Amino acid sequence: MNILKATRSYESWLRAHTGVVSSDLRLKHEEMKRNPFVFLRATFYRWAQIWPAMCSDLADAPQVVAVGDLHLENFGTWRDDEGRLVWGVNDPDEAYRLPYTQDLVRLATSAALAKHQGELAISIRNLCRAILEGYAASMTSGGDPVVLAETHQWLGEIAKYSLKDPHNFWKKLDSAPKHGRPPRDAAGILRLPKGTSGIRIRRRIAGMGSLGRPRFVALGTYRGASIAREAKAVVPSAFAWAAGEAGARTLSSTIFERAVRDRDPFFAIRKGWSVRRLSPDCTKIDVAYLPGRTFERKLLRAMGWELANVHLGTARPSLIVRDLKKRKSGWLEKAARDMVDAVVEDWWEWKKKKKS
């Protein structure tokens with residue numbers, strides 16, 4: 001099955017699980033032509049289909065509830081119960097029980113593609129080493145949430161530059177397409193606090209892998225300032241599609257409930273929707289603006305650390321540490337390079353077929 005047939009098959013499966021927004025899918029198809037990194041983010045279903053064969057030597061690794069669609073832009077910031085800025089994995093839509101190695105290879109592949117596009121200066125060998133170093137250290141120590149306070153000041157300083165300007169953030173969010181009323185089950189969980197005025201609903205167009213799924217935002221003014229809540233349709237992981245698994249359930253809530261994590265008090269999975277607060281504080285750190293290779297390596301190491309934080313919720317750490325030690329040097333680099341080749345080959349085929 002090539003990339004075009006895989007896309008048609010997956011999107012047919014997706015329609016059986018949620019009300020697909022056709023215009024968003026058309027936009028996604030266009031965006032997939034842009035570059036291999038965007039293509040990787042948009043086609044997790046294809047990854048789920050080819051990764052088991054491409055990396056069959058990693059399939060015997062201990063299993064965890066994996067993030068699945070992990071990549072450089074699946075890390076962001078939020079405010080915890082104490083109002084502190086926290087950083088970590090922020091999208092568990094594709095969570096699935098998999099060998100722990102899958103998430104490591106997916107993250108390293110995304111970083112290698114960013115390297116090829118000139119967004120990272122660090123070598124592929126060293127980026128893989130940094131990810132593994134952070135992952136192993138966290139797994140061995142039992143992990144620790146990444147709170148951007150006194151222990152992670154360097155990352156906190158970088159995060160400050162990524163926080164969005166409030167005026168522009170709310171203006172852009174409010175300019176999204178108007179929507180009179182979302183589905184009843186979504187409307188019931190998009191409630192804003194009592195006393196919120198000027199409430200309106202928007203249909204949000206965002207992300208890449210989830211483009212095509214219904215996504216709604218409720219905005220309003222609360223105690224003198226703007227607030228917003230987003231509801232995004234949740235479906236089973238694309239790995240369930242690739243495996244032909246009928247009746248699969250989403251593990252999105254499981255992954256964050258069990259992780260070593262300073263939780264986002266506004267994130268929840270309810271009635272088939274993921275709900276979160278939207279604000280200028282909730283954003284990703286753009287690797288293209290990192291100040292030099294030293295910070296690239298530190299950020300990639302932090303990503304490896306945070307990934308272990310997530311895996312620790314469903315893993316037996318001793319088994320993973322033992323498995324890491326037995327693997328040959330360079331295994332992650334080899335797997336990432338192989339997957340980069342596969343992604344680029346699919347991307348070229350997509351561009352060629354979509355031009356004809």
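Let's start with helix α1, residues 3–15: at 1.5 Å a residue its 13 residues should span 18 Å, and its end C-alpha atoms are indeed 18 Å apart, so the two agree. This is a predicted model, and the tour below moves from α1 to a second helix pair, then to some individual residues. Each stop is easy to find by its residue number.

**Helix α1 and its partner α4**

- Which residues of α1 are buried? They are Ile-3, Leu-4, Ala-6, Thr-7, Tyr-10, Glu-11, Trp-13 and Leu-14.
- An α-helix has 3.6 residues a turn, so residues three or four places apart point the same way.
- Look at the start of α1, where the backbone nitrogen of Leu-4 has a side-chain oxygen of Asn-2 within 3.1 Å.
- Two packed helices are described by the angle between their axes and the distance between the axes.
- For α1 and helix α4 (residues 44–54), the axes come within 9 Å and cross at roughly 115 degrees. That crossing makes α1 roughly perpendicular to α4.
- On the α1 side, the contact is made by Ile-3, Ala-6, Thr-7 and Tyr-10, while α4 brings Tyr-45, Arg-46 and Gln-49.
- As for handedness, α1 passes α4 in a right-handed crossing.

**Helices α5 and α6**

- The second pair is α5 (residues 100–116) and α6 (residues 124–141), whose axes come within 10 Å and cross at roughly 145 degrees.
- Here too the handedness can be named: α5 passes α6 in a right-handed crossing.
- From α5, the residues making the contact are Tyr-100, Leu-104, Leu-107, Ala-108, Ala-111, Ala-112, Lys-115 and His-116. They meet Ile-124, Leu-127, Cys-128, Ile-131, Leu-132 and Tyr-135 of α6.

**Arg-106, a buried arginine in α5**

- Is Arg-106, in helix α5, buried or exposed? Its relative accessibility is 0%, so Arg-106 counts as buried.
- Two backbone oxygens sit by polar atoms of the Arg-106 side chain: that of Leu-40 at 3.0 Å and that of Leu-70 at 3.3 Å.
- Setting aside neighbours within four places in sequence, Arg-106 is in contact with Leu-40, Arg-41, Phe-44, Trp-47, Gly-68, Asp-69 and Leu-70.

**Leu-25, reaching across the sequence**

- Leu-25 belongs to helix α2 (residues 22–31), and with 3% relative accessibility it counts as buried.
- Its C-alpha atom is separated by 8.5 Å from that of Arg-213, although the two residues are 188 residues apart along the chain.
- Not counting residues up to four places away in sequence, Leu-25 touches Glu-11, Arg-15, Val-20, Leu-211 and Gly-212. One of these, Glu-11, is also among the buried residues of α1.

**Two loop residues with polar contacts**

- Thr-283 is in the loop between β10 (273–277) and α12 (293–311). Why does Thr-283 count as buried? Its relative accessibility is 7%, and the cut-off for buried is under 20%.
- The side chains of Thr-283 and Lys-164 make a polar contact at 2.5 Å.
- Beyond neighbours within four places in sequence, Thr-283 is in contact with Gly-76, Thr-77, Ser-162, Leu-163 and Lys-164.
- His-17 lies in the loop between α1 and α2, and at 38% relative accessibility it counts as partly exposed.
- A polar atom of the His-17 side chain lies 2.9 Å from the backbone oxygen of Trp-13.
- His-17 is also in contact with Val-235 and Pro-236, leaving aside its neighbours within four places in sequence.
- From His-17 to Arg-46, 29 residues apart along the chain, the C-alpha atoms are separated by 18 Å.

**Positive phi angles outside glycine**

- Arg-223, in the loop between β7 (215–222) and β8 (225–233), has a phi near 50 degrees, a positive value in a residue other than glycine. At 74% relative accessibility, Arg-223 counts as exposed.
- Lys-271 is not a glycine, yet its phi is positive at about 50 degrees. You will find Lys-271 in the loop between β9 (268–270) and β10, where 65% relative accessibility makes it count as exposed.

Technical notes: Residues numbered from 1 in each chain as written. Predicted model: local features only at pLDDT ≥ 70, side-chain atom pairs only at ≥ 80, totals over all residues. Heavy atoms only, no water. Helix = DSSP H or I, 4+ residues; strand = E, 2+ residues; numbered from the N terminus. Expected span 1.5 Å × (residues − 1). Buried < 20%, exposed > 50% of the residue type's maximum accessible area, 1.4 Å probe, protein only. Polar contact = N/O pair within 3.5 Å; in protein donor to acceptor, adjacent residues only side chain to side chain. Axes fitted to C-alpha atoms, helices over the stretch in contact; angles between N-to-C directions. Parallel < 35°, antiparallel > 145°, perpendicular 65-115°, else oblique. Left-handed = near helix turned anticlockwise from the far one by under 90°. Contact = heavy atoms within 4.5 Å.
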